Amino acid sequence: MYDVAIVGAGPAGATLARLLSGRCRVLLLHHQRKKCCGGILTPESQKMLAKLDLALPREALAAPQPSCVAVWDLQSQLVRHYARQYVNIDREIFDRWLVSLIPADVDIRTDTVYRRSQLVGNDCLEIFFTEKKELRSERVRFLVGADGSSSTVRREFFVEKPLPKRYAAIQEWFDLSAVLPENFKQTGIDFRNDYVGIFDSAITNFYAWMIPKNEQIIFGGAIPQGNRTREMFERLRIKLNKIGFRFDNSFRREAGMLFRPLNPWSICLGSERVFLIGEAAGLISPSSAEGISPALTSAYYLAQTFGVNGFNSSAYHKNLRLLRWQLWLKTAKIPVMFYPWLRKQVMLTGLTALDRDL
Ligand SMILES: Cc1cc2nc3c(=O)[nH]c(=O)nc-3n(C[C@H](O)[C@H](O)[C@H](O)COP(=O)(O)OP(=O)(O)OC[C@H]3O[C@@H](n4cnc5c(N)ncnc54)[C@H](O)[C@@H]3O)c2cc1C
């Protein structure tokens with residue numbers, strides 16, 4: 001019998017497993033997949049890593065390190081640069097590093113997919129999972145869903161809670177030297193060094209991006225889930241190719257689902273025997289899709305509540321009040337960032353923008 005089973009070993013699950021090790025018997029179900037991610041650590045993520053006493057290993061860093069974000073409004077053709085202290089990482093190495101920090105007393109089952117659970121008496125759950133294609137089960141006192149935006153645990157236990165708005169994220173990888181227009185400096189953006197946010201309400205009510213990474217570039221976008229997702233992404237590709245980009249032959253394509261919690265009710269932390277952390281709980285920025293810091297933060301605060309009686313549900317909810325507020329406040333930025341007319345007016349003022357010559 002385990003005290004805690006954690007489903008998913010992304011930043012949230014791996015961090016919780018590490019923090020609970022030595023305090024109780026932990027089972028971590030780890031279904032490894034390549035994560036579709038921009039690989040940007042915001043200042044909040046960097047602060048959280050420092051709070052967890054973790055120093056990023058050199059191998060997890062990607063080049064270049066952007067000093068600013070370039071906001072490119074495709075409809076008004078305006079460009080503005082804003083100073084941001086982001087860290088550019090290799091997401092796959094970052095995730096593997098977090099798992100490598102988990103002490104040996106945690107039972108990590110790799111290649112394992114959680115399926116479902118059933119209650120056994122009042123204080124125990126039997127969880128079922130496929131381990132190397134075989135169906136197995138274990139008894140546990142607590143279950144934690146750290147299984148991201150496609151969370152099985154959330155859908156199984158909290159079906160009555162509304163899900164956050166869902167977006168399909170598509171990313172393609174290219175060799176940087178092969179895709180840039182010859183005259184790219186005319187756009188006012190240094191695509192070799194800047195993190196670029198692309199805004200075009202004819203394509204999506206969220207945003208698209210270009211991120212240079214180790215002589216390569218990621219071209220991606222988040223588009224409301226529906227049957228025209230691929231078509232919208234293609235439209236964006238055509239628009240960019242018309243102005244000289246050559247986004248034709250990607251060497252890697254990836255897709256994933258993204259939560260966008262536009263109201264506080266779509267955040268669900270769980271209670272009693274079953275808890276949610278990270279994106280499974282809906283903890284992700286609705287304005288930027290930054291989800292690594294909320295994943296680390298929620299894991300940290302859930303671990304803090306663990307005592308002889310297991311997790312303390314009300315303490316976890318209380319600990320996360322500030323984070324929920326911070327995420328909720330980010331929705332205030334949405335009209336300015338995502339409504340074309342308002343965005344254009346703000347960009348025209350140049351308020352807080354950098355004066356930048358290429
Ligand atoms: C395209 C895109 C770009 C993004 N870019 C950024 C960025 O630049 N910076 C940033 O901070 N955030 C970014 N995000 C958000 C960020 O990736 C997530 O919010 C963050 O990874 C959440 O961490 P997590 O641990 O909660 O979940 P995840 O990282 O999603 O980890 C969940 C894990 O659970 C596993 N899993 C799922 N179901 C099961 C199951 N049934 N059994 C066992 N395992 C299971 C998955 O395989 C995965 O390994 C981006 C998201 C997308 C889609």
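This report describes a predicted model, taking up its sheet, two of its buried side chains, a helix, a pocket and a cavity in turn.

## The seven-stranded sheet

Seven strands make up an open sheet with mixed pairing, and their order across it is 5-4-12-13-14-11-15. The edges are held by strand 5 (78-83) and strand 15 (252-260), each of which has a single partner strand, so one side of each is left without a neighbour in the sheet. Averaged over the sheet and with direction ignored, neighbouring strands are turned by 20° against each other.

Two helices pack on this sheet. Helix 6, residues 229-242, touches strand 4 (68-73), strand 11, strand 12 (195-199), strand 13 (208-213), strand 14 and strand 15, and its direction makes about 135° with that of strand 14. Helix 11, residues 340-349, touches strand 4, strand 5 and strand 12, and in this case the direction makes about 65° with that of strand 5.

## Strand 11 and its two partners

Strand 11 (residues 165-175) runs antiparallel to strand 14 (residues 216-224), and nine bridges join the two. Within this pairing, Ile170 has Gly221 as its bridge partner in strand 14, while Phe174 is bridged to Ile217 of that strand. The pairing of strand 11 with strand 15 is likewise in the antiparallel sense and extends over nine bridges; here Ala168 finds its bridge partner in Met257 of strand 15.

How many of the eleven residues of strand 11 are buried? The count is eight, and the strand is accordingly described as mostly covered. In a regular strand, side chains alternate between the two faces of the sheet.

## Phe174, a buried residue of strand 11

Phe174 belongs to strand 11, and its relative accessible area of 1% is under the 20% cut-off, which means that it counts as buried. Leaving out residues up to four places away in sequence, Phe174 touches Gln216, Ile217 and Phe219, and also a run that includes Arg246, Phe247, Asp248, Asn249, Ser250 and Phe251, with Val179 and Arg237 among its further contacts. One of these contacts, Asp248, is 74 residues away along the chain from Phe174, yet the C-alpha atoms of the two are separated by 8.6 Å.

## Leu236, a buried residue of helix 6

Leu236 is part of helix 6, the helix that packs on the sheet. With a relative accessibility of 3%, Leu236 falls under 20% and therefore counts as buried. Apart from neighbours within four places in sequence, the residues in contact with Leu236 are Leu74, Ile198, Ile203, Ala208 and Phe219. Phe219 also appears among the contacts of Phe174.

Separation along the chain can be set beside separation in space for this residue too: Leu236 and Val308 are 72 residues apart along the chain, and their C-alpha atoms are separated by 54 Å.

## Helix 1 and its cover

Helix 1, residues 11-20, is mostly covered, with nine of its ten residues buried. The buried set consists of Pro11, Ala12, Gly13, Ala14, Thr15, Leu16, Ala17, Arg18 and Leu20, and thus includes the charged residue Arg18. Which elements contribute to the cover of these buried residues? They include strand 1 (2-7), strand 2 (26-30), helix 3 (91-100), strand 10 (134-145) and helix 7. Just after helix 1, Gly22 adopts a positive phi of about 80°.

## The second largest pocket

The second largest pocket has a volume of about 390 Å³ and a lining of 16 residues, among which Glu44, Ser293, Thr297, Leu323 and Gln326 lie nearest its centre. At least two lining residues are supplied by each of helix 2 (43-51), helix 7 (292-304) and helix 9 (321-330), and helix 9 gives the largest share, six residues. Sorted by class, this lining holds seven nonpolar, four polar and five charged residues. Helix 7 thus contributes to this lining and also to the cover of helix 1.

## The enclosed cavity

One cavity of 30 Å³ or more is counted in the model, and the volume of the largest cavity is about 30 Å³. The residues lining the largest cavity are Ile40, Pro64, Pro66, Asn88, Asn193, Asp194, Tyr195, Ile211 and Pro212. By class they divide into six nonpolar, two polar and one charged.

Notes
Residues numbered from 1 in each chain as written. Predicted model: local features only at pLDDT ≥ 70, side-chain atom pairs only at ≥ 80, totals over all residues. Heavy atoms only, no water. Pairing = 2+ DSSP bridges. Helix = DSSP H or I, 4+ residues; strand = E, 2+ residues; numbered from the N terminus. Axes fitted to C-alpha atoms, helices over the stretch in contact; angles between N-to-C directions. Contact = heavy atoms within 4.5 Å. Buried < 20%, exposed > 50% of the residue type's maximum accessible area, 1.4 Å probe, protein only. 1 Å grid on protein atoms, 1.4 Å probe; cavity = no way out; pocket = protein on both sides within 12 Å on 5 of 7 lines; lining within 4 Å. Points joined across faces, edges and corners; volume = space filled by probe spheres on them.
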